[in-house]
Every structure is written in structure tokens, then in C-alpha cells.
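Subject: Handing over the predicted model

Dear colleague,

I am passing on the structure below, together with notes on what was found in it. Please keep it open beside the text as you read.

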Amino acid sequence: MSEIKIENLTFSYYGYVKPVFENVSFSFDTSWKTGLIGRNGIGKSTLFKLLLNQEIYQGKITKSVDLIKFPPNISDSSQLGIDLYKKLVPDGEEWKLFRELNLLNVDENLIYREFETLSKGEQTKILLAILFTKEDGFLLIDEPTNHLDMYGRKIVSEYLKSKKGFLLISHDRDFLDGCINHVISINRNSIDVQSGNFTSWYENKVMKDQFEISQNEKLKKDIKRLKEAARQTKIWSDKVEKTKNEKVSGSKPDKGYIGHQAAKMMKRSKNLENRQNKAIEEKQSLLKDIETKESLLLHSLHHHQNHLITVDHLSSYYGKNQILNNVSFEVKQSDIVAIHGGNGSGKSTLIKILLGLNHEYTGDIKLASNLKISYIPQDTSDLTGSLNEYINIQNVDETLCKTILRKLDFARELFEMDMENYSDGQKKKVLIAVSLSKPAHLFVWDEPMNYIDVMSRIQIEEIIKEAKPTLIFVEHDKRFVESIANKIVHL
């Protein structure tokens, strides 16, 4: 295909102190299946906007292909899927759409239904099928996995692997490994382009970070030694100057000679001091600003009972449709239980029943007495207003909560912003930080990793494995589930 080239790109949002991009240059080929990786808020979606000329920037972006955004903007979701196809691809041939739907395992009859009546996962697949019929375009795909279950993610990953090229934002490591062959990583102070999948990129990153950390330690030791030498030189220089002033001010006949010798010594000491300070500056300029994973904090309480939850023959209906059918399991202390099932299998319904938010069920549920629960809901739309007020309402320690947010690479300036203006990932981090700050016997998390960047996912995995809390969670990130769960409830 062709190359997309970015040269000396600088961009900043109005009112922000720090630019999103500052004089960055890189390029990538449109034949690559490329994953775009980076922390929440670091500029991935912003880069998409710049590539699509939706923001004014400084620098140069060169491209010779038609860039297509996923998901597209849909003004009328009440129209039929087939009509949406004709609108998005006016010159499209319908057989191409059916070909793509077949590759995605989608029932072709769904495109004759109103688009808004379809599940979010079905909408995702149909939109991908529609856009990939435009064979001369290059897709910019922004987080397609958020509404897909594990099976759906596997299908879409295999589908993307069969395509010629795209640029993909995703935080699901298995999904990325299944479909990409290059990585662009947006770091705090640089952008790296590498061949390979997520796992090979991450292994290279760990090795590079370890090397740079060891180099930083050596440089810091050298800087400390040089600063001490400069301090001693300064002390000696001050003594020489004091001696010179005392000698020259006397009335002895050799004061001219003494003054001359002292001046030479002063000059030598100043030259030495300047060389030492220059060496310190050079060493400091070599220090790398390395983005390291900081350890999180989790307040898990010990309960006097070992059995915290017992579920026996639980069933639930939504209207005439049975959502849960004869579900039984138990949760003991330190169990990390994944609730597993496809979209619509009743995972969130089960969570709400356990929390006492849904009473439409039959069967028996027993919870240990005085059980303190910390809950992360799936929905973040209620997060508006002041972060400080929200933290206080949740009755958690403000300093601890903000410390956890900072460890999750949450920018300080966000603390003063209305949460309504946060990205979905930033809102999710607020919910996670509040939950981790809340002392609890049991943590209940409903799809906690939606919108959360890869590095933060790894941090959360590590604290769970270290702290071993009692946790019940719903999550479609296969690697996250396999990394932490010791029990799976299949629905």
C-alpha cells in the first residue's frame, strides 16, 4: 500500500499546560496491521483526530489513502442496517457486505432490522463489515472490543488478522496478539514503532526499561560523586579567595607576588568547578524519564467466617425470558471468582442479585454477616461534578484515593476538572481507585477493565495476585481472567 508519515507534529488542547504531542516524527505502512498502545489520555484517540484532519496542528502529516474512522458517526440509528450500509458506502455492492458478515459469523438477517435494536456486539461486527467493504480505504479502529464477549473478541481478532492493514486502538492483550504485526507505542516523551505483536513489544519494553533503569542508577551515582567533588572545589576556592584577600590587604613587600599566585589558583579552581558543573549537566541530560509500573494499594479485610457467599439453585427471569438457570456456587475467603458467559447470559444480573440490587429471582443466597463489599459498576455515566466531592461521598480517604490514581498515571490537572469531561478510561480509573481505597471483605467488579489501558491492567493484576482479596468479577479480557482467577462460574 503506502506510507503515512508524521513530521514535527505538535498539538495541544486549548487550556492544557502540556502539549499532547511536541515535535514528534514517525511513519508507518498502511499494509501493516498496527496496534496503537499507550496510557489512557496520552493521545491515541487524539492522533486519530489529527490523521482525520479533525483538529488544527503544527507540523506535517502525509498520506495518500482514504482514512476511515471506526466507529463511524451515525446520525440515525433507527434505520435498517442495510440502509446504513448504503449511506456509509454509497457505491457498495451488497454481496461484499454479505461476504464480510459471513467472515464475522453474523446472521445476515440482522441487517434488515433497525440498527438500534441490535446488541452492542452485533452493532460492532456489522459496522466493521460495512467499513471493510471499502477495500481502498485504511481503517482507524478505536477500541472495538468494549462490547464484545470473549468469543466475539476471538472472532473479530481473527477477522482483522485476515485484513491487509489498519491502525487499531485496543487494550486487550490477547486480542492484539491475535491480529497485529506491528506496534506504535505512545510513551510519555517519545513514540516508538516496532514490528511484532503486543507480547514481543512488551518483552522488549521490559528489557529496555531494565537497562535504562540500571543506566540511570549509574548516572545518578556519577552525578552524586561529581556534585560532592564540585562542593569540595567550591570550599577550596572560597578558602583561596579568603587567603588572597587577607594577604593582599597586608603591608608585606611580597603581596604583589602572593596576589598573582592566588589569582592563578583562583582561576584554576574556577576552571575545575566549571568543568565539574558541565559534567554534571551532561550526565543529567542522559537520564531517561522511564515510565515504570508503580505498585498499587488494596485494603482487604479478613472476615471471621470462611464461607462468604453461598448460591443455591438460583434462577432469574426478564419478562418471559429466563436469564439465569439453576446456578449454584460458593465463595470462600481469598477466592477470586470470574463470572464467565457470553453477552446476555446474565452476568450483570447475577452481580446485582448478589449485591441486593435485584430481587427478581428464585433459589437461595446466603451472605456472611456484616459483610463489607466494595463494588465497581459497569456504567460510568453517573460520574459528574467534583472528584473531591465524589470521593468524600464514597467515604474513602482522599489522599489514598488520589495516590492510587496517580499510580495509574492519572494527571494531576484532572483532579480539578468536572468528571463529566473525563474520558471513559479516566472515569473507570476513578471507580477502581475508590474501590481499592475502600476497606472490604469482598470486592465485586462488573467489567472493571473496559477502557482501561494495558499498563494499568497489568498493575491491577499484580496487586490482586499480591494482596489475594476475595473478589467476584465479570471481565471479557481473557488474559486478565487467566492471570488472576482461581475459580470460574460458567453461565
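A good place to begin is glutamate 143, which is found in the loop between strand 6 and helix 5 (150-161), where helices (H or I, at least four residues) and strands (E, at least two) are DSSP runs, numbered from the N terminus. Before going further, please note that this is a predicted model, in which local features need pLDDT of at least 70 and side-chain atom pairs count only at pLDDT 80 or more, while totals for chains, interfaces and linings use all residues. Residues are numbered from 1 along each chain as its sequence is written, and side-chain values use heavy atoms, with hydrogens and water left out.

Glutamate 143 has a phi near 45°, a positive value in a residue other than glycine. For background, most residues other than glycine have a negative phi, and most peptide bonds are trans. Glutamate 143 counts as buried because its relative accessibility is 19%, the classes being buried under 20% relative accessible area, exposed over 50% and partly exposed in between (1.4 Å probe, protein chains only).

Glutamate 143 also belongs to the lining of the second largest cavity, along with Thr145, Asn146, Arg153, Ser170, His171, Asn450 and Arg457. The search ran on a 1 Å grid over the protein atoms alone: a cavity is a set of points where a 1.4 Å probe fits but cannot get out, a pocket is an open set with protein on both sides within 12 Å along at least five of seven lines, and lining residues have an atom within 4 Å of a point. The structure holds two cavities of 30 Å³ or more, and the second largest has a space of about 30 Å³, where a volume is the space filled by probe spheres set on the points, and grid points are joined across faces, edges and corners. The lining of this second largest cavity has no nonpolar, five polar and three charged residues; here Ala, Val, Leu, Ile, Met, Phe, Trp, Tyr, Cys and Pro count as nonpolar, Asp, Glu, Lys and Arg as charged, and the others, Gly among them, as polar.

The second largest pocket has a space of about 820 Å³. Of the 34 residues that line this pocket, His147, Asn343, Ser348, Gln378 and Glu447 are the closest to its centre. Helix 4, strand 11 (321-332), helix 9 (347-354) and helix 12 (424-437) each supply at least two residues of the lining, and helix 9 gives the largest share, four residues. By class, seven of the lining residues are nonpolar, 17 are polar and ten are charged.

Turning to the sheets, there is an open sheet of six strands in the order 5-6-7-3-8-9, with mixed pairing, two strands being paired if DSSP finds at least two bridges between them. Strand 5 (66-70) and strand 9 (191-195) stand at the edges with a single partner strand each, so one side of each is left without a neighbour in the sheet. From one strand to the next, the twist averages 20°, with axes taken as lines fitted to C-alpha atoms, for helices over the stretch in contact, and angles running from 0 to 180 degrees between N-to-C directions. Strand 5 and strand 6 (residues 137-142) run parallel and are joined by five bridges, and within them lysine 69 has leucine 140 as its bridge partner. Helix 4 (residues 120-131) packs on the sheet and touches both strand 5 and strand 6, its direction making about 170° with that of strand 5, where contact means heavy atoms within 4.5 Å.

Just after strand 5, please look at the peptide bond from phenylalanine 70 to proline 71, which is cis, with omega near 0°. Proline 71 lies in the loop between strand 5 and helix 2 (81-88).

Elsewhere, strand 12 (residues 336-340) is largely enclosed by the rest of the structure, because four of its five residues are buried. Strand 12 runs parallel to strand 16 (residues 471-474), with four bridges between them, and four bridges also join strand 12 to strand 17 (residues 487-490), again in parallel. Valine 337 has isoleucine 472 as its bridge partner in strand 16 and stands opposite lysine 487 in strand 17.

With best wishes
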